[in-house]
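Here is a short report for a first look at one protein model. Keep the structure open while reading.

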Amino acid sequence: MSTPSPHGRSRIAALAVALAAASALTLTACDDDSGGSSTSSDTPTAPDTASFSGNAASALASAKASVRAEASKRAASASAAASSFEASVSAEVERANAAARTELAEVDGQGNAMSDVTMTGKPRSETGGLLAVVVTITNKTDKTASYAVQVDFLDSSGKAVETRYVGAEDLEPGQKAQPVAVSRKPAEPVLTPKLAKAQRY
């Protein structure tokens, strides 16, 4: 085997340098195309669960507790609102209601003033969730009169499961009164108010 001449060795060395430079450019181009990483893989790896601190579960438990506390607070608030509404109604008309009950105890049938009375339901949002009806009493006579009214709350079968009494005293001719009859029964099952008796005296 013959030894290359000095001129031939120079050409080989230049070729080697050129090949090395070309290889370096190719590697650099690959790095740029892959976003700067020379070792990339399209398959994601699972997270290391051993490094989790458990804070997410703790935060979830805290959120649940917060929701429960808020629900409890709202329930207590609704109960307080219902009690407050009922107390305000009772304070205004308790004596008249007692008189109405006494008066109606002696009345046979529906009474003589059914045409003087109408009923309108109150939104539960205004009564703390209680079932309540506004009883509108209008004195349609030409003399001062008092009224006694009985409201029955009926279940789905039509049976009266609760009775409330309201009244209005000394209404002038044409004057109106609007006492409120409030059921103390739970919201379920749903009850239907019915005007049972109305007596003018």
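Two residues are in contact when heavy atoms of theirs lie within 4.5 Å. K194 gives a first example: leaving aside neighbours within four places in sequence, K194 is in contact with M119, Q150, V151, D152 and L154. K194 lies in strand β7. At 44% relative accessibility, K194 counts as partly exposed. Its C-alpha atom is 9.8 Å from that of G158, and the two residues are 36 apart in sequence.

## The whole model

This is a predicted model. The protein has two helices and seven strands. Both helices come before the strands, as the order from the N terminus is α-α-β-β-β-β-β-β-β. There are 201 residues in the protein, and buried residues make up 25% of them. The accessible surface comes to about 13,400 Å². Carbon and sulfur atoms hold 55% of that surface.

How do the contacts spread along the chain? Take the contacts between residues at least 6 apart in sequence: 69% of these join residues at least 24 apart.

## Confidence

The mean pLDDT of the protein is 77. Residues that reach 70 or more make up 56%. Over residues 24–38, pLDDT stays under 50. For that stretch the model has four contacts beyond four places in sequence. Where pLDDT is low, the predicted coordinates should not be read in detail.

## The nonpolar cores

The largest nonpolar core has 19 residues. Which of them touch the most other members? They are V117, V135, I137, V149 and V151. The elements that give two or more residues to this core are β2 (132–138), β3 (145–154), β4 (160–171) and β7. β3 gives the most, with five residues.

I137 shows how such a residue is surrounded. Not counting residues up to four places away in sequence, I137 touches D116, V117, Y147, V149, G167, A168, L171, Q175, K176, A177 and P179. Apart from the largest core lies another core, of five residues. Among them are A132, V134, V180 and V182.

## Salt bridges

How many salt bridges does a search of the whole structure find? The search finds two. Side chains of opposite charge can pair when their charged atoms come close. Here are the pairs.

| Acidic residue | Basic residue | Closest N and O atoms |
|---|---|---|
| D116 | R200 | 2.7 Å |
| E126 | K122 | 3.3 Å |

The pair of D116 and R200 links distant parts of the chain, 84 residues apart. D116 is in the loop between α2 and β1, while R200 is in strand β7 (residues 192–200). Is D116 buried or exposed? D116 has a relative accessible area of 6%, so it counts as buried. R200 is partly exposed, with a relative accessible area of 24%.

In the other pair, E126 is partly exposed at 47% relative accessibility. K122 is partly exposed too, with a relative accessible area of 23%.

## A113, in the loop before β1

A113 sits in the loop between α2 (55–104) and β1 (117–121). Its relative accessible area is 0%, so A113 is buried. What does A113 touch? Not counting residues up to four places away in sequence, A113 touches Y147, A198, Q199 and R200. R200 is also the salt-bridge partner of D116. The C-alpha atoms of A113 and K197 are separated by 8.1 Å, though the residues are 84 apart along the chain.

## S183, in the loop before β7

S183 lies in the loop between β6 (180–182) and β7. Is S183 buried or exposed? At 2% relative accessibility, S183 counts as buried. The side chain of S183 makes a polar contact with the side chain of E162, at 2.5 Å. Leaving aside neighbours within four places in sequence, S183 is in contact with L130, L131, F153, E162 and L191.

## Where to look again

Strand β7 is a good place to return to. K194 lies in this strand, and R200 of the salt bridge with D116 is in β7 as well. β7 is also among the elements that give two or more residues to the largest nonpolar core.

Definitions and conventions:
Residues numbered from 1 in each chain as written. Predicted model: local features only at pLDDT ≥ 70, side-chain atom pairs only at ≥ 80, totals over all residues. Heavy atoms only, no water. Helix = DSSP H or I, 4+ residues; strand = E, 2+ residues; numbered from the N terminus. Buried < 20%, exposed > 50% of the residue type's maximum accessible area, 1.4 Å probe, protein only. Areas by Shrake-Rupley, 256 points an atom, 1.4 Å probe, with all protein chains shown as cover. Salt bridge = Lys/Arg side-chain N within 4 Å of Asp/Glu carboxyl O. Core = buried A, V, L, I, M, F, W, Y, C linked by side-chain atoms within 4.5 Å. Polar contact = N/O pair within 3.5 Å; in protein donor to acceptor, adjacent residues only side chain to side chain. pLDDT = per-residue confidence, 0-100.
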